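Here are a few exercises to work through with the model open in your viewer. Try each one before you read the solution.

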Amino acid sequence: MSLARNLNRALTVTTGLQVRRAPQAAKGKQGKKSATATPAARQAADYRCPPAGELPTERLLRRPVFIISSIRSGSTLLRMMMGAHPRLHAPHELHIGRLEVACTDWHSERAMSELGLGRGDLEHLLWDRVLHRELTRSGKDHVVEKTPANAYMYRRLKDCWPDARFVFLLRHPESIARSWHESDPVKRPRDTAVTDVLRYMTAVEEARTADADGFTVRYEDITDDPEREMRRLCAYLDVDYAPAMLNYGRKSSAELVRGLGDWRENIRTGTVQPGRELPREDEIPQRLRPMCAAWGYTS
């Protein structure tokens, strides 16, 4: 009987515990990510961006639409409006970036390697299958995904679906920070709220700068003249404008999943509600002023 087995037998009798060898990362590969890994760390998985000629083989889903926005920017409203279009399917936040794939032993890793599939490639296949399944079940033509964390993984989304289209949703930075603070004032004091949303907004602006072909829309413009903005958006997506986008229908709690987007009464009404007044210049924290200038919210 081995030393390890004798040791475990003794430990089991005395403590109820046993010793197990710690899992080892495969040579030359990263180990399994922890649940608290940063978005940047999760993007480090090996993958390749399929060229246009290989897309019919590599991807089931074609030309998906991703809303890139900060938290508290009105993305749920935009999702509901887009989802009311007869050709656009916009499910609740799917958080596909948190879906990870791991080869749990040498054999599976070697097998996938022989197919030319790294861990990141396998994750892309999983993401593609999930979104394609959603689209197929809807019976529509295009899927729209709006998880705010998409702002941190723009490059990865672009590499996964080279034909993806991106809608950049902006809102006045101070309005974003105020809304985030007001959603839980005790947990998120004003300074904390500003820090949180500034991180998102910086990622949104980096992605927007990198994508010359993307479409930018402001939350305030949507609430001010929703038909005009939806016509612009439909033209970008190459679909006919649908009046139903302005009155998407009253929603129940079952249709708006708590924690996967906004579920408050304004969203449930089924129509576009007036936005709050823009903050005065003296109400804007100094840390948010550069972003206000970049997004055209300063005179």
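**Exercise 1. What percentage of the residues in the chain is buried?**

Start with the ground rules. This is a predicted model, where local features need pLDDT of at least 70, side-chain atom pairs count only at pLDDT 80 or more, and totals for chains, interfaces and linings use all residues. Residues are numbered from 1 along each chain as its sequence is written, and side-chain values use heavy atoms, with hydrogens and water left out.

Step 1: fix the cut-offs. Buried means under 20% relative accessible area, exposed over 50%, and partly exposed in between (1.4 Å probe, protein chains only).
Step 2: apply them. Of the 299 residues in the chain, 42% are buried.
Step 3: add the secondary structure, which comes to 13 helices and five strands. Helices (H or I, at least four residues) and strands (E, at least two) are DSSP runs, numbered from the N terminus.

**Exercise 2. Work out how α4 and α11 pack.**

Step 1: take the axes, which are lines fitted to C-alpha atoms, for helices over the stretch in contact, with angles from 0 to 180 degrees between N-to-C directions. Those of α4 (residues 75–83) and α11 (residues 226–237) come within 12 Å and cross at roughly 65 degrees.
Step 2: name the angle. α4 is therefore roughly perpendicular to α11, since that label covers 65 to 115 degrees; under 35 is roughly parallel, over 145 roughly antiparallel and the rest oblique.
Step 3: list who touches whom, with contact meaning heavy atoms within 4.5 Å. L78, M81 and M82 of α4 meet P226, M230, L233 and L237 of α11.
Step 4: sort by class. You get seven nonpolar residues, no polar and no charged ones. Here Ala, Val, Leu, Ile, Met, Phe, Trp, Tyr, Cys and Pro count as nonpolar, Asp, Glu, Lys and Arg as charged, and the others, Gly among them, as polar.

**Exercise 3. Do the same for α8 and α9.**

Step 1: get the geometry. α8 (residues 173–183) and α9 (residues 190–210) pack at about 125 degrees, with axes 8 Å apart.
Step 2: classify it. That angle makes α8 oblique to α9.
Step 3: collect the residues. On the α8 side, P173, E174, I176, A177, R178, W180 and H181 take part, facing R190, A193, V194, D196, V197 and M201 in α9.
Step 4: count classes. The contact has eight nonpolar, one polar and four charged residues.
Step 5: see what else α9 packs against. Its buried residues pack against β1, α7, β4 (165–170), α8 and α13 (289–294).

**Exercise 4. Is E229 buried or exposed?**

Step 1: locate E229, which lies in helix α11.
Step 2: check its accessibility. At 3%, E229 counts as buried.
Step 3: find its partners. Leaving aside neighbours within four places in sequence, E229 contacts V217, D221 and I222.

**Exercise 5. Find residues with an unusual sign of phi.**

Step 1: recall the background. Most residues other than glycine have a negative phi.
Step 2: look at R63, in the loop between α3 and β1. Its phi is positive, near 50 degrees, and R63 is partly exposed at 35%.
Step 3: look at H95, in the loop between β2 and α5. H95 also has a positive phi, about 50 degrees, and at 31% it counts as partly exposed.
Step 4: for a glycine case, go to G139, which follows α6 and has a positive phi near 80 degrees.
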